[in-house]
Structures are given as structure tokens and as C-alpha cells.
Amino acid sequence: MSAPVRIAIATRSARATLALGGRLGRLLAPGDVVALVGELGAGKTQLVRGACAGAGVRPEDVSSPSFAIVATYAGRLPVHHADLYRIGDEDELYGTGFGDLVGVDGALLVEWADRIPSALPEEKLTIRLAHDPRRPDVRRVEIEGVGERFASLAKKLGSKSKSRTRSKTRPRSTSRTKSRSR
């Protein structure tokens with residue numbers, strides 16, 4: 001197995017977190033497993049909504065499966081969305097049929113994946129979201145890909161985010177500025 005790839009980025013609004021999820025959704029393939037970790041309100045469900053949109057799921061179909069535990073959405077590939085917040089242990093999780101969703105026809109997005117880490121394969125994409133204590137709209141996002149497929153996903157998600165940041169902060173060239181003042 002290749003070494004894990006870790007990327008750190010920031011999203012500066014709920015809309016930016018949704019957009020990051022959209023990029024993820026466009027990259028998802030059958031069998032992908034994405035573990036989402038973060039405190040309440042960190043943006044996990046927002047990221048899932050974006051990923052579902054990127055995978056072609058209708059926005060009105062997506063809801064947080066806090067009480068149902070698992071929801072499946074139809075898009076260009078099935079997206080299985082699990083929320084382990086209310087699960088106490090592996091036995092309780094087993095009763096939900098969750099294990100049947102790992103590595104199957106669709107992609108599996110798991111909120112609160114850190115509650116029962118043994119439920120997921122070692123090779124996966126893990127996205128950790130955290131509030132920035134100084135800026136309430138900013139989320140610190142750590143993306144970790146373990147295994148060749150997920151290392152590649154982490155790099156792709158990180159590179160697009162970094163290039164967008166650079167393009168926004170790049171100073172305008174003098175030729176563009178002069179042509180605008182004419």
C-alpha cells in the first residue's frame with residue numbers, strides 16, 4: 001500500500017464547503033469510501049450535499065440520515081449516505097445492514113466515521129472538518145487518502161482548491177489594468 005497523502009485546505013463559507021463536496025462527487029466511483037469527521041456544525045452534511053450534487057443526485061432527495069442511519073440516493077452512481085452519530089457500537093451498526101454497503105456498486109459517504117472506525121476499510125478517503133475559532137465561517141479541512149485510489153482523490157481535491165486560492169490572490173498584470181482604464 002502506498003503512503004497516505006494528506007492535504008490541508010480551508011473553505012471560507014458554507015458555499016465553498018458545498019463546492020468542495022461537488023468536486024468530490026464528480027470524482028466518485030463505485031466502491032469509493034469517504035469517511036467524514038468533525039464536530040457538530042463543522043460542515044459534514046454540507047459536504048455530503050455537495051458530493052451528492054456532483055454525483056448527479058437531485059438536491060431535494062438529500063437529507064441527513066441521523067435517524068434512519070443510512071440513505072441511498074440515485075445519481076450517475078448510487079450514493080450511500082450513512083450517519084453514525086446515534087450508533088453505540090459495532091453490534092448496533094451491524095443490525096442496520098451498513099456492512100453490505102462497503103465496497104459495493106455505489107460510493108459510501110459516512111458522517112461521524114470516527115465513532116466506529118473499525119467499520120470502514122483501511123483504504124479510504126478521510127475528510128476532517130473543523131471550525132476556525134477566529135473566523136466562524138471558515139472550516140479547516142484535512143483530506144487524507146490511504147491507498148492508491150484515495151491518495152489520488154486527495155491530491156485532486158487539494159490541487160483544485162489550491163489553484164483557486166492562488167488565482168484569487170494573484171495580482172493583476174499592468175497590461176490588463178491599463179486596458180481597463182482606457
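**Entry 1: an edge pair**

I looked up A71 and found its bridge partner in β4 to be H81. I then checked the strands around that pair: β3 and strand β4 (residues 79-83) run antiparallel and share four bridges. For pairing I used the rule that DSSP must find at least two bridges between two strands. Strands are DSSP runs of E with at least two residues, helices are runs of H or I with at least four, and both are numbered from the N terminus.

I noted what I was working with. The model is predicted, so local features need pLDDT of at least 70 and side-chain atom pairs pLDDT 80 or more, while totals for chains, interfaces and linings use all residues. Residues are numbered from 1 along each chain as its sequence is written, and side-chain values use heavy atoms, with hydrogens and water left out.

**Entry 2: the whole chain**

I counted elements next. The chain has five helices and seven strands. From the N terminus they run β-α-β-α-β-β-α-β-β-β-α-α. I looked up burial too: 43% of the 182 residues are buried. Buried means under 20% relative accessible area, exposed means over 50%, and partly exposed lies in between, with a 1.4 Å probe and protein chains only.

I also checked contacts, meaning heavy atoms within 4.5 Å. Of those between residues at least 6 apart in sequence, 66% join residues at least 24 apart.

**Entry 3: the sheet**

In what order do the seven strands of the open sheet stand? I read it as β1-β7-β6-β2-β5-β4-β3, with mixed pairing. β1 and β3 (70-73) are at the edges with a single partner strand each, so one side of each has no neighbour in the sheet. Neighbouring strands are turned by 20° against each other on average, direction ignored. Axes here are lines fitted to C-alpha atoms, for helices over the stretch in contact, and angles run from 0 to 180 degrees between N-to-C directions.

I went through the pairs. Strand β1 (residues 5-11) and strand β7 (residues 135-146) are antiparallel and joined by seven bridges. A10 has R140 as its bridge partner in β7. Strand β6 (residues 124-132) is also antiparallel to β7, through nine bridges. There L129 is matched with V141 as its bridge partner. β6 and β7 form a hairpin, with two residues between them.

The parallel pairs came next. β2 and β5 share four bridges and run parallel; V33 has L108 as its bridge partner in β5. β4 and β5 run parallel as well, over five bridges. H81, met in my first entry as the partner of A71, stands opposite L109 in β5.

**Entry 4: inside β5**

Is β5 enclosed or open? Five of its five residues are buried, so β5 is largely enclosed by the rest of the structure. I checked the directions. A107, L109 and E111 point one way, L108 and V110 point the other way, and all are buried. In a regular strand the side chains alternate between the two faces of the sheet.

**Entry 5: two buried residues**

I picked V79, which lies in strand β4. Its relative accessibility is 0%, so V79 counts as buried. Beyond its neighbours within four places in sequence, V79 contacts C52, A55, V57, A71, T72, Y73, A107 and L109. I looked up one of these, C52: V79 is 27 residues from C52 in sequence and 6.9 Å from it in space, C-alpha to C-alpha.

Then I took D132, in strand β6. D132 counts as buried because its relative accessibility is 3%. Its side chain reaches the backbone nitrogen of R134 at 2.9 Å. Leaving aside neighbours within four places in sequence, D132 is in contact with V138 and R140.

**Entry 6: two helices**

At what angle do helix α1 (residues 14-27) and helix α2 (residues 44-54) pack? I found about 40°, with their axes 6 Å apart. That makes α1 oblique to α2, since the angle is neither under 35 degrees (roughly parallel), over 145 (roughly antiparallel) nor 65 to 115 (roughly perpendicular). Residues meeting there include L18, G21 and G25 in α1, and L47, G50 and A51 in α2.

I finished with the helices against the sheet. α1 lies across β1, β2 (33-37), β6 and β7, and runs at about 145° to β1. α2 lies across β2, β3, β4, β5 (107-111) and β6, and runs at about 165° to β5.

Technical notes: Polar contact = N/O pair within 3.5 Å; in protein donor to acceptor, adjacent residues only side chain to side chain.
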